[in-house]
Amino acid sequence: MLAFKLGSPPPLPSLTQAKKCGRFGVFAGKCKTGAGTAGSDGGFPPFLPKEIEKIKDPFARSLAQRIERLPVKVGFSESCIMSSCVKPLIQSETNPVVLLHCFDSSCLEWRCTYPLLEEAGLEVWAIDVLGWGFSDLERLPPCDVASKRHHLYQLWNSHIKRPMILVGPSLGAAVAIDFAVNYPEAVEKLVLINASVYAEGTGALARLPRSVAYAGVYLLKSIPLRLYANILAFNGISLATSLDWTNVGRLHCLLPWWEDATINFMSSGGYNVIAQINQLKQKSLLICGECDQIVNYKQVVRLHCELQDAIMRLIPDCGHLPHVDKPSSVAKLIAEFSQGDCH
């Protein structure tokens, strides 16, 4: 299932300034050093594809300017992986909120919600999962589930170091569940958005001949397919906006290692967390869009019933990506949940 992505706003507008995101209203080895800084002169980081200059969405352009690469030492690589993320501007008294993303996506997916969470006083990280996003994977590491999990733990252990409210949309919910079960000390609470957690991995895709798999991956990054994904995810946006968001969503696909990393993940079997769901002990918030055409509402209800400690919130008139479609509602729910008050 294709999961979509998008990006975030001009240099942190205030709640009164951040009026629109698209058409939607917005509520208030050796380790390298020095090579991973964000655009210090107000420009874009040099490791982003040059096509970022063509993006019109001011929210995407703004968050892209804040992306940087942090060194993460992992056991399966001799050198550190320079790992892409957006770091918080503040350190709050509450535990940090760490935002994952959908399948084959990037931190730009949080373009609308990220600044609202910061304005709510939260310490917010937006992390690119290993194999996706804008990390430096020139020396391609394994990108299977175990490697993604280990990389996220090492990033947390090196740079975050406090129990987190881990947020996962769509397949990112499976990433979050897998991580929370294996490293419960690192996760205080979970927020799962339109959770895609009942797929049994990549299925037959794991057995495709490599030539066929590469042809499929080439199609995966194509503009027509990504445009269709946007049409499924959102209702009523203009063609111009949809095309721009499509370009944001496929930006990471233009990095030279993307195809190899994606094939590596697909052939490894992907995420199958069905057996892990009833092992979760962390309190969880389930957010679902009323008009989601990708994850069936019945699956969210099933997840709510199977989790030990969960509450569910429905966002009306909203599709598969509430954090882009209804950032005000999502930011409010996450902020209240992280502060212990989501009634």
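Helices and strands are taken here as DSSP runs, with at least four residues for a helix (H or I) and at least two for a strand (E), numbered from the N terminus. On that basis, the protein holds eleven helices and ten strands. The model is a predicted one. Of its 343 residues, 59% are buried. The exposed surface of the protein comes to about 13,800 Å², and 54% of this area is supplied by carbon and sulfur atoms.

Two helix pairs give a good view of how the helices are packed. Two packed helices are described by the angle between their axes and the distance between the axes.

The first pair to consider is α3 and α4. Helix α3 spans residues 145–160 and helix α4 spans residues 171–182; the two pack at an angle of about 70 degrees, and their axes lie 10 Å apart. Because angles of 65 to 115 degrees count as roughly perpendicular, α3 is placed roughly perpendicular to α4. The crossing of α3 past α4 is right-handed. On the α3 side, the contact is formed by V145, R149, L152 and Y153, and these meet D178, F179 and N182 of α4. Sorted by class, this contact of α3 with α4 comprises four nonpolar residues, one polar residue and two charged residues.

The spacing of such contact residues has a simple background. An α-helix has 3.6 residues a turn, so residues three or four places apart point the same way.

Turning to the second pair, helix α5 (residues 210–220) packs on helix α8 (residues 258–268) at an angle of about 120 degrees, with 10 Å between the axes. The two helices α5 and α8 are therefore oblique to each other. Their crossing, too, is right-handed. Helix α5 brings R210, A213, Y214, V217, Y218 and L220 to the contact, while α8 brings W258, E259, D260, T262, I263 and M266. By class, the contact of α5 with α8 contains eight nonpolar, one polar and three charged residues.

Helix α8 deserves a closer look. Its buried residues are W258, A261, T262, I263, F265 and M266. Among them, W258, T262, I263 and M266 also take part in the contact with α5. The partners of the buried residues of α8 are α3, α4, α5 and α6 (223–233), so named here that the two pairs described above can be placed relative to α8. Just after α8 comes G269, a residue with a positive phi of about 110 degrees.

Key: Residues numbered from 1 in each chain as written. Predicted model: local features only at pLDDT ≥ 70, side-chain atom pairs only at ≥ 80, totals over all residues. Heavy atoms only, no water. Axes fitted to C-alpha atoms, helices over the stretch in contact; angles between N-to-C directions. Parallel < 35°, antiparallel > 145°, perpendicular 65-115°, else oblique. Left-handed = near helix turned anticlockwise from the far one by under 90°. Contact = heavy atoms within 4.5 Å. Nonpolar A, V, L, I, M, F, W, Y, C, P; charged D, E, K, R; others polar. Buried < 20%, exposed > 50% of the residue type's maximum accessible area, 1.4 Å probe, protein only. Areas by Shrake-Rupley, 256 points an atom, 1.4 Å probe, with all protein chains shown as cover.
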